[in-house]
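Biologist: Could you take me through one strand and its neighbours, slowly, as if we were both looking at the screen? I would then like to see how that part sits in the whole chain.

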Amino acid sequence: MKNGLLVLTCLLSILHGIAQTNQGLKLWYRSSAGNTWENALPIGNGFLGAMVYGNVPDEEIQLNEHSVWTGSPNRNDNPDALAALPEIRRLIFAGKQKEAEELVNRSVITKKSHGQAFSPVGTLHLKMAAHSAYTNYYRELDIENAIQATSYTVNGIQYRREIFASFIERVIVIRLTADKPGNISFSANFSTVQPRNKKESDGLKNLMLSGTTIDHEGVPGKLRFQAMARIETKGGTRTATDTSIVVDKADEALLFISIASNFISYNNLGGNERERALSHLNKASRQTYKRLKEKHLERYRSYFDRVKLELGTSSAIEEPIDERIKKFRNRHDPHLITLYYQFGRYLLISSSQPGGQPANLQGIWNNNLYPPWDSKYTININAEMNYWPAEKTNLSELHEPFLKMVTELSETGRETARIMYGARGWVAHHNTDIWRITGPVDGAFWGMWIAGGAWASLHLWEHFLYSGDTKFLAGSYPVLKEASKFYLDFLVHYPGTNYWVVNPGTSPENAPAAHGGSSLDAGTTMDNQIAFDLFSSTIRAAEWLKLDAEFVDTLQQFRDRLAPMHIGQYGQLQEWLDDLDDPNDHHRHISHLYGLFPSNQVSPYRTPALFDAARISLEHRGDVSTGWSMGWKINWWARLQDGNRAFQLIKEQLSPVGSNGGGGGTYTNLFDAHPPFQIDGNFGCTSGITEMLMQSADGAIHLLPALPDDWKEGRVGGLKARGGFEVEELEWKEGRLYKLVIKSGLGGNLRIRSYQKLKTSGTGLHLITAELPNPNPFFQTEKIPDPVISEKAVVKKQSRRAVFEYDLVTNKGKSYIFFAD
C-alpha cells in the first residue's frame, strides 16, 4: 500500500508539473472582459492594435491604427517668449518664482495647440445571439506566440476563436471554428466613436468603415482613415445589409481586418487610405490561414525568443491571472514575475515596429475619443521609459520608431529654438505628438522645461553603445550636436557662482514649498544632469567620428562649469540648487535621481557619497505611488543594489489597481495603472527586472547586482549589454552565480563584475584581475564633479558588498563560458 501511495504521489506530481508547463506564458481567464476595456486582451503588430474582449454573444474587437490621430500638421511656438525671457530669468534669480510663472503662462506657453490625441478607429462586432447560454468558458493571450484565443461550449458543441495581428501582413486575422460542421453563425458590423464616419458593406464579403478624425485644440482634423473587414467562409450562406454581413451555418469563417490612413509623415497627408487598406487586405486574404499563422509566428518569435527568463513555478500557475494578481503580494508566485516581465517585451514588440510610430502613452491601444493626456508622448519621463527595455532585452530594432521621432523633433524643434529663444540648434519641451510639436504646453508648472529633446536624443547615443553601429552614429551625430548648440545658447551664468545653469527650468512637475507652489527655478539637479549627459555624449560621438575638435573643446569648457550635484541637510541628494527638499515629500516624480538611472552619474564605485545620498532621497519618497513611478523605483533600487527593496516594489506594482490606497497597480489584463492605464509602467518594470539581473552602465557587466532573497534559483539568457555583448546564459543557485556564458558581438575587452570569484572553462583563457579603467570605449564613464555637501548634512555611509572584477580580451562572434570559483 505504501508503494502504491508513493507511485500515486509521484504520478500526481508529474501531472502537476505537466499542467504547469502547458500553461506556458499565457494570460488566461475563466470569464470575459464584459464591458471593461481594461479587462480586454491586447494584440498588435506595431501598425495595428486591437483589444479583444472575449464576450460570447457579442464579441468586441476594438481597433487602433498607429497613425490615426486628431488634427493635422501644425506648429505651436509662442513668439512672445523671446522678449519675455530676460525678465523671467531676472525674477527667478531674484527668488520671485511665482511672478516668473505668471509671466511664462502669459508669454511662453503656447496659445495654439497643446497637443493632438491618439484616436480610436472603431470596433468590429461579432454577434452570436444563440450563444447566450454557454459553459466551459476559457480565454487566453499566449504571449509566446502573440495569439489570443477564446473557447466555450453551447449545446454540446465546442467553439473556438483565434485572433492575431500579423507581423508580416498588416492585417488582423480571426478564425472562427466549431467541432461540428455547419455551426458557425454570426453577424458582423463596425461601430465607431468618430463622429465623421461612414459605414457600409460591399457585397457579401467586405465591411467598410471610413472617416476623418476630429478637430482638436483648434487644429482642423484632416487625418482620413479606412478600415475594411473581409469575411471568407467554408460552407453556409452569407447575406448583407447596408452596414453588416450575416453568416449562417458555415463550417468555418476567416476574417481579415485592414486599416490605413492618408498619413505619410508629420508634414504630409498625401496618402490614399483606401488603396493602402485594400492592398493589405487583398494580399493577406489570398493566403491560407495556416500559411498566415506560420509566417506570423516565425517573425514574432524571432523577437520574443531572444530572451528567456526562468524564476521557477508554484501551484499558483493553475489559477487565472485575475486571481493570481489578487494573491501575489502575500504568496510565492515567481512565474507571475516571469510572465509580467515577458509581457512587457510582448507589448513593445506589439506596439513598436520599424517604420511605424513610437509606442505612445498607451502603446498602440486606446478606445477613447479624448484619452487621458491625449495618449501622446510625454517626454519628461514617460516616452523615454517606454524604450528602456529596447536595447537591454534584445529588441534593438524596435527602438527605431522612437529614434526616428527624435530626428524629426530635431527638424521641427529648430524653429522653436530660433523663434522662442533666439538660439541655435533645436529644442523640445515636455510633450509632443504625431505632428512633432515642440512648443511648451499645459502651463508653466509642467511645460516650462526645455530638456525633453535633450533627454530623448540621448537614446541615439544609447543605441550606439549597445550596437556599435558607426554608420548610425554618423547619421545621428547632427541631432546631438544641434541639441548641444541649443544648450550653449540657452545656459546663463548663476549670479554669485561660477555655474552655467538652465533658467527657466523645472524639476518636472514638482515644486518646493519655498517657491509658493511654483515649479520654476534655475539650475535644478535634473536639468544639470541632462546637460552634462548631452555634452558628454556629443563630445564622445565627435571624438569617435573624429569631427569638430573646436566644438568639442567648447562643450568641455561649458560642461566643466555646469552646477555640480549637492547633498543637503538630511544627507539627501538635493532636487534643487538650494536645500529645499522635504523628507515628507512623496511626489511621484523623483527627477533628481535621473543621475542614478537611467544615467550612470551616481555610482557606488565612482561617486559613493552621491550614491548614499540618492538612497536617502529615494527612502524619503517612499514606495507606493503611481504605476509608472513604481516602475522607475524598481530600476533605482536595482542600481542601489537592493534586490529585496526592488522586489517589494514589484509586489506593489503587481497588486490590483485600487489596493494600494491612492497609488497605482495592475489591471486584470496586466496593463499598468497610473491609474488610469499608462503603458510606461509595464516597460519600466521589465527594465527594472533586467537591471536586477544584469547591469552594464557603470564600466563593467555587473552580474546579479540586485538579486532578491526570494529568487533563490533561476536562469536568464539573451540579455544585451553595452559593447555588443550578449549574456547567452546566466544561471544562479542558492542566490549565488553558478554559470555564465557571454558572446562577444564586437570583440574587445570584456570586464565582468561579480559578487563571486569566477573561473573560465576554456583552455588557454585567463581572467585578469581588473585594476585600471576599462579600456573598452563602450564602457567609458565620465568623471563626475565632487558634490557640494551641506554643513548640516549627516552623511550616512551605506555598507556595500565586495565585488570581483575581471578582464578578458574577446574575439568578435565568440562565446565564453565561466563558472563560480
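Modeller: Strand E2, residues 41-44, is joined to E3 by 4 bridges, and the two run antiparallel. Keep in mind as you look that this is a predicted model. To find the pairing on screen, start from Leu-41: its bridge partner in E3 is Val-52. The hairpin of E2 and E3 has 3 residues between the strands, and Gly-46 there takes a positive phi near 85°.

Now move to the other neighbour. E3 is also joined to strand E4, residues 58-65, by 5 bridges, again in an antiparallel arrangement. Val-52 is a handy landmark here too, as it stands opposite Ile-61 in E4. E3 and E4 form a hairpin with 5 residues between them, and Gly-54 in that turn has a positive phi of about 75°.

What about the side chains of E3 itself? Leu-48, Ala-50 and Val-52 point one way from the strand, while Gly-49 and Met-51 point the other way, and all of them are buried. Buried here means under 20% relative accessible area. Since 5 of the 5 residues of E3 (residues 48-52) are buried, the strand is largely enclosed by the rest of the structure.

Glycines are not alone in taking a positive phi, so to speak: Asn-155 has one of about 50° although it is not a glycine. You will find Asn-155 in the loop between strand E7 (147-154) and strand E8 (157-165), and it is exposed, with a relative accessible area of 74%. Glu-217 is another non-glycine with a positive phi, about 55°. Its place is the loop between strand E12 (206-212) and strand E13 (224-234), where Glu-217 is partly exposed at 34% relative accessible area.

Stepping back to the whole chain, there are 19 helices and 38 strands. The radius of gyration is 27 Å, close to the 28 Å that the globule rule gives for 821 residues, so the chain is as compact as a globular protein of that length. Its C-alpha trace spans about 85 × 75 × 50 Å along the principal axes. Of the 821 residues, 64% count as buried, a group that includes the residues of E3. Among contacts with a separation of 6 or more, 70% are between residues 24 or more positions apart.

How values were computed. Residues are numbered from 1 along each chain as its sequence is written. This is a predicted model: local features need pLDDT of at least 70, side-chain atom pairs count only at pLDDT 80 or more; totals for chains, interfaces and linings use all residues. Side-chain values use heavy atoms; hydrogens and water are left out. The radius of gyration is taken over C-alpha atoms; the globule rule is 2.2 Å times the number of residues to the power 0.38. Buried means under 20% relative accessible area, exposed over 50%, partly exposed in between (1.4 Å probe, protein chains only). Contact means heavy atoms within 4.5 Å. Two strands pair if DSSP finds at least two bridges between them.
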